[in-house]
Amino acid sequence: MSTPYASLSEEQRDKFIEGVSRHFPLTGKMVEQCSDTCGFEALSQNEVLYWSEDLIARFENRWAWDGIYLNTNEALPWSKELIARFESRWNWSRLPSEALTRLTPDHIRQIMSNEQPEKQS
């Protein structure tokens, strides 16, 4: 028995996958299940995906860090910890204001002067 979507052309299937990747509220488990077919550039733009720092870490090498995708996604769980954990990945000129408001003046000074942040106990 064939599925009702078996007759989609490759182009239609690709557009469907991109649409789901960009606009559907996927969970981390769903991303894992479709990681071979999901478009990570589109996923990086998804503002209704159930984002977590662990999800970002799990697929760290697959996200679209360059350009305007992941860097500008205001739905990410922005925090000082998230920014620090992936500091070498961010396009710093494109971080959203939501991310920047999570930084303290000390963090901003440290980043601007290229100092290593002090570990908080």
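Helices here are DSSP runs of H or I with at least four residues, numbered from the N terminus. With that convention in hand, Thr72 can be placed in the loop between α4 (53-58) and α5 (80-85). The structure described here is a predicted model, and the paragraphs below move from the whole fold to a handful of residues worth locating on screen.

The secondary structure of the protein amounts to seven helices and zero strands. Read from the N terminus, the order of elements is therefore simply α-α-α-α-α-α-α. The radius of gyration is 17 Å, whereas a compact globule of 121 residues would have one near 14 Å. In keeping with this topic, the C-alpha trace spans about 60 × 25 × 20 Å along its principal axes. Of the 121 residues, 30% count as buried. Contacts between residues at least 6 apart in sequence were also examined, and 46% of these join residues at least 24 apart.

Turning to the surface, the protein exposes about 8400 Å², and carbon and sulfur atoms supply 48% of that area. The side chains include 13 positive and 19 negative ones, and the centres of these two sets lie 2 Å apart.

A search of the whole structure for disulfides returned one. This bond joins Cys34 to Cys38, with an S to S distance of 2.0 Å. The torsion about the S-S bond of Cys34 and Cys38 is about -70 degrees, so the disulfide is left-handed. Both partners can be checked for burial against the cut-off of under 20% relative accessible area. Cys34 has a relative accessible area of 18% and is therefore buried. Cys38, at 10% relative accessibility, counts as buried too.

Glu32 is a residue of helix α2 (residues 28-33). Because its relative accessible area is 40%, Glu32 is partly exposed. Once neighbours within four places in sequence are left aside, Glu32 is in contact with Arg58 and Phe59. The second of these partners, Phe59, is 27 residues from Glu32 in sequence, and the two C-alpha atoms are 8.9 Å apart in space.

Thr72 offers another view of the fold, this time from a loop, the one between α4 and α5. Thr72 has a relative accessibility of 30% and so counts as partly exposed. Apart from neighbours within four places in sequence, the contacts of Thr72 are with Arg94 and Pro96. Ser9 makes a useful reference point for Thr72: the two are 63 residues apart in sequence, and 32 Å separates them in space, C-alpha to C-alpha.

The contact with Pro96 leads on to a second loop, since Pro96 is found between α5 and α6 (97-100), in the loop that α5 and α6 flank. At 7% relative accessibility, Pro96 counts as buried, whereas its partner Thr72 counts as partly exposed. Residues up to four places away in sequence aside, Pro96 touches Asn71, Thr72, Glu74 and Trp78. Asn73 can be related to Pro96 by distance: the C-alpha atoms of these residues, 23 residues apart along the chain, are separated by 7.4 Å.

Technical notes:
Residues numbered from 1 in each chain as written. Predicted model: local features only at pLDDT ≥ 70, side-chain atom pairs only at ≥ 80, totals over all residues. Heavy atoms only, no water. Disulfide = S-S within 2.5 Å. Buried < 20%, exposed > 50% of the residue type's maximum accessible area, 1.4 Å probe, protein only. Helix = DSSP H or I, 4+ residues; strand = E, 2+ residues; numbered from the N terminus. Rg over C-alpha atoms; globule rule 2.2 N^0.38 Å. Contact = heavy atoms within 4.5 Å. Areas by Shrake-Rupley, 256 points an atom, 1.4 Å probe, with all protein chains shown as cover. Lys, Arg positive; Asp, Glu negative; His and termini not counted. Charge placed at Lys NZ, Arg CZ, Asp CG, Glu CD.
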